[in-house]
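Reader: I'm new to this one. Could you take me through a single part of it, slowly, and show me how the pieces meet?

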Amino acid sequence: MAEKSFYTLAVHAGEDLSQNHGSVSVPIYNASVYAFADADEGAAIHNHLKEGYFYGKLGNPTQNALEKAMCELENGESALSFASGMAAISTAVLSLVKSGDHIVVPNSMYSTTTLFFEELNEKFGVEISYVDATAAESYAAAVRSNTKVFWLESPSNPLLKITDFSAVSEIARKSNIVTIADNTFATPFNTRPLNAGIDLVVHSATKYLGGHSDLTAGLMVGKKEIVENARLKTTKLYGGNIAPQVAWLILRGIKTLGLRMERHNQNAYAVAHMLAAHPKIEAVYYPGLEAHQNHETAKLQMKGFGGMIAFDVGSAGAGKTLVNNVKVCTLATSLGGVETIIQHSASMTHAALSREQRLQAGVTDGLIRLSVGVEDSDDLIADLRDALDLI
Ligand SMILES: Cc1ncc(COP(=O)(O)O)c(C=O)c1O
């Protein structure tokens, strides 16, 4: 049979109708502990000699169905789900590095990931190099004898910078370096980093995978060896596991991921073009615009350009006026839901960084981040235009 389209995959991902009495929707397993038939079975399951569940923190059938679904969507060997995107990110890194190791990371990425790497450096002596991730050569130039991980985030939060997955993974392979890509913004609908040679993908499932602004979760998907080591060791020691109820919500969200992403792509494309032509806007960052610095790489690497846009209205005052006057867009800090969410980055997501760090990451005083939802794009454009008239 021909390879299935993403829409079909997404609807059926994780499904196993031979289980759970043929229940079409995977049930939520609310158990935190599982009984054994006898001591030998208990020993076999504890020692992973027999498949089975024994303790909720270490897995349950609802979580397992989600992980199976994510393997199918990202084309990965193994997946592991978490209580948040940061739990997935910290577990991925902590399971691969120790004090004295070196990691190469983008100089502009999700601010809490930046703070996490800083903490690793300050508290645990992990060396961190910050590079221009839009140029694959900058990863090559940063390699040291102790480099263990290349971190990638593409499109990046909030500036939508694009990193060439194939080029960076090729550089990494030469030096046995593990590549990890945060695929939160693109989702596997738009990009599959593992197909381009990346070893591990992480997600904040809080965003597009869940898709309805009603849960917090994270995922990792990729090479079996890395994921299973994280499952059996790091997650066991540090916790951070997903709740079965949340795993179920993501499974439900994933069924419409294709439909939602198609609409996010179309709406953001229309809004970005309106903004690019608007006289009050100083800069628009959207990989679907021909003027975007990485448009050519984005075209090769992405099926659609995603639902996220950043743009600069020139000053903090103008930014605040804009976000205070929109009526359809919601002023809030997250992204990836069905509703359009707008935020002023300097005073919200990037407020924890120093001004110097923030500017170094390209987050200027007037930067606005827009997570374009699935409403009608004409309504969104009219709302933004009306609010822009007031600045
Ligand atoms: C790109 C990216 N990665 C990771 C995270 C962290 O996810 P969570 O808030 O679920 O911990 C976020 C959150 O905004 C994000 O935007």
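Author: Here's a walk through how the two domains meet, followed by one pair of helices. Keep in mind that this is a predicted model.

The protein chain is assigned two domains: domain 1 covers 6-255, and domain 2 covers 258-388. Measuring from C-alpha atoms, their centres sit 26 Å apart. Where the two touch, domain 1 puts in 29 residues and domain 2 puts in 34.

Let's stay on the domain 1 side for a moment. Three helices each give two or more residues to the side that touches domain 2: helix 1 (6-12), helix 5 (111-124) and helix 8 (187-190). As for the kinds of residue on that side of domain 1, you'll find 15 nonpolar, 11 polar and three charged.

Now for the helix pair. Helix 11 runs over residues 257-276 and helix 15 over residues 377-388, and they pack with their axes 9 Å apart, at an angle of about 30 degrees. Angles under 35 degrees count as roughly parallel, so helix 11 is roughly parallel to helix 15. Their crossing is right-handed.

Which residues actually make that contact? From helix 11 come Q266, N267, A270, V271 and M274, and helix 15 answers with S377, L380, I381 and L384. Sort the residues of this contact by type and you get six nonpolar, three polar and no charged ones. On the domain 1 side that touches domain 2, by contrast, there were three charged residues.

Conventions:
Residues numbered from 1 in each chain as written. Predicted model: local features only at pLDDT ≥ 70, side-chain atom pairs only at ≥ 80, totals over all residues. Domains from an automatic or database assignment. Contact = placed C-beta atoms within 7 Å. Helix = DSSP H or I, 4+ residues; strand = E, 2+ residues; numbered from the N terminus. Nonpolar A, V, L, I, M, F, W, Y, C, P; charged D, E, K, R; others polar. Axes fitted to C-alpha atoms, helices over the stretch in contact; angles between N-to-C directions. Parallel < 35°, antiparallel > 145°, perpendicular 65-115°, else oblique. Left-handed = near helix turned anticlockwise from the far one by under 90°.
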